[in-house]
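Biologist: I'm new to this one, could you pull it up and walk me through it?

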Amino acid sequence: MVAHPDIEHSLVNKRWIEEVKKFPEKFTVHELYQSYPDGKINVEKEQALVEAHGSLIWQFPVYWFNCPPLMKQWFDDVLTYGWAYGSRGTQLKDRKIGLAVSMGSSEQDYRAPYDLTAVLRPFEMTIHYVKVNYQGVFSLFGANTDASLVTITPQEINQSAADYIEFLNKF
């Protein structure tokens, strides 16, 4: 699942999606903002999509130390009691989930106690709460859409896309 509100202007998430789409026999790319431009999530459709796949990646740019709003809404709407958690909520149990995140800021801006691990803690907690096997995070810093703030090269972005496929293949 990809949640990026402006994918056309993305440097990293757009490139990662392009790379993943080269392997349609292995990976499904589901873009929330393209699927729900009105912000109204079809819960049954989303739950069925999750059930049809064994492993999941939640891919998003980190915005203000969080995920984009539609992704948060997806968590609230789709991860329901009796489906994702609770005594009968076992649809996610024992699946594998990983995170793929990009940050516009440099890695130096994410120092302890506010490092990337701390920023992503709520996602890890959600993953553990629904009894999923957390597979870790794939990340890239410095890919701001403001050209004057970009701290990585196009070559580094392309390399990250290749590395992302390696990360996905480990699932």
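Modeller: Asp 76 and Lys 72 are a good starting point, since they sit four residues apart in helix α4, about one turn of the helix. Helices here are DSSP runs of H or I with at least four residues, strands are runs of E with at least two, and both are numbered from the N terminus. Keep in mind that this is a predicted model, in which local features need pLDDT of at least 70 and side-chain atom pairs count only at pLDDT 80 or more, while totals for chains, interfaces and linings use all residues. Residues are numbered from 1 along each chain as its sequence is written, and side-chain values use heavy atoms, with hydrogens and water left out.

Biologist: What do the side chains of Asp 76 and Lys 72 do?

Modeller: They meet in a salt bridge, at 2.5 Å from N to O. The term stands for a side-chain nitrogen of Lys or Arg within 4 Å of a carboxyl oxygen of Asp or Glu. An α-helix has 3.6 residues a turn, so residues three or four places apart point the same way.

Biologist: And is Asp 76 buried or exposed?

Modeller: Something in between: Asp 76 is partly exposed, with a relative accessible area of 46%, and Lys 72 is partly exposed as well, at 42%. Buried means under 20% relative accessible area, exposed means over 50%, and partly exposed is what falls in between, with a 1.4 Å probe and protein chains only.

Biologist: Which residues do salt bridges with shared partners join into one network?

Modeller: Those are Arg 15, Glu 19 and Lys 22. Glu 19 bridges to Arg 15, with the closest N and O atoms 2.9 Å apart, and Glu 19 also meets Lys 22 at 3.1 Å, N to O. The structure holds six salt bridges.

Biologist: Where do Glu 19 and Arg 15 lie?

Modeller: Both are in helix α1, four residues apart, about one turn of the helix, and both are buried. For Glu 19 the relative accessibility is 11%, which is why it counts as buried, whereas Lys 22 is exposed because its relative accessible area is 53%.

Biologist: How much of α1 is buried, then?

Modeller: Helix α1 is mostly covered, with six of its eight residues buried; besides the two we just discussed, the buried ones include Trp 16 and Ile 17. The cover over the buried residues of α1 includes β1, β2, β3 and α6 (154–169). Helix α1 itself (residues 13–20) lies across β1, β2 and β3, and runs at about 150 degrees to β1. Angles run from 0 to 180 degrees between N-to-C directions, and the axes are lines fitted to C-alpha atoms, for helices over the stretch in contact, where contact means heavy atoms within 4.5 Å.

Biologist: Switching to the strands, what order do they have in the sheet?

Modeller: The sheet is open and has three strands in the order β1-β2-β3, with parallel pairing. At the edges are β1 and β3 (133–141), each of which pairs on one side only, and the twist averages 15 degrees from one strand to the next. Two strands pair if DSSP finds at least two bridges between them.

Biologist: How many bridges link β1 and β2?

Modeller: Seven bridges, in the parallel sense, join β1 to β2 (residues 96–103). Among the positions involved, Pro 61 has Ser 102 in β2 as its bridge partner, and Leu 56 stands opposite Ile 97 in β2. Strand β2 is mostly covered, as seven of its eight residues are buried.

Biologist: What about Ser 139, which residues is it in contact with?

Modeller: Ser 139, found in strand β3, is in contact with Val 101, Met 103 and Leu 116 once its neighbours within four places in sequence are left aside. At 28% relative accessibility, Ser 139 counts as partly exposed.

Biologist: Last one: which residues make the nonpolar surface patch?

Modeller: Tyr 63, Trp 64 and Phe 65 make it, with an area of about 420 Å². Patches are made of residues with over 30% relative accessible area and no salt bridge, where like charges are joined within 9 Å and nonpolar side chains (Val, Leu, Ile, Met, Phe, Trp, Tyr) within 5 Å. The areas come from the Shrake-Rupley method with a 1.4 Å probe, and for residues only the protein chains shown count as cover. Phe 65 lies in the loop between β1 (55–61) and α4 (69–78), and is partly exposed at 44% relative accessible area.
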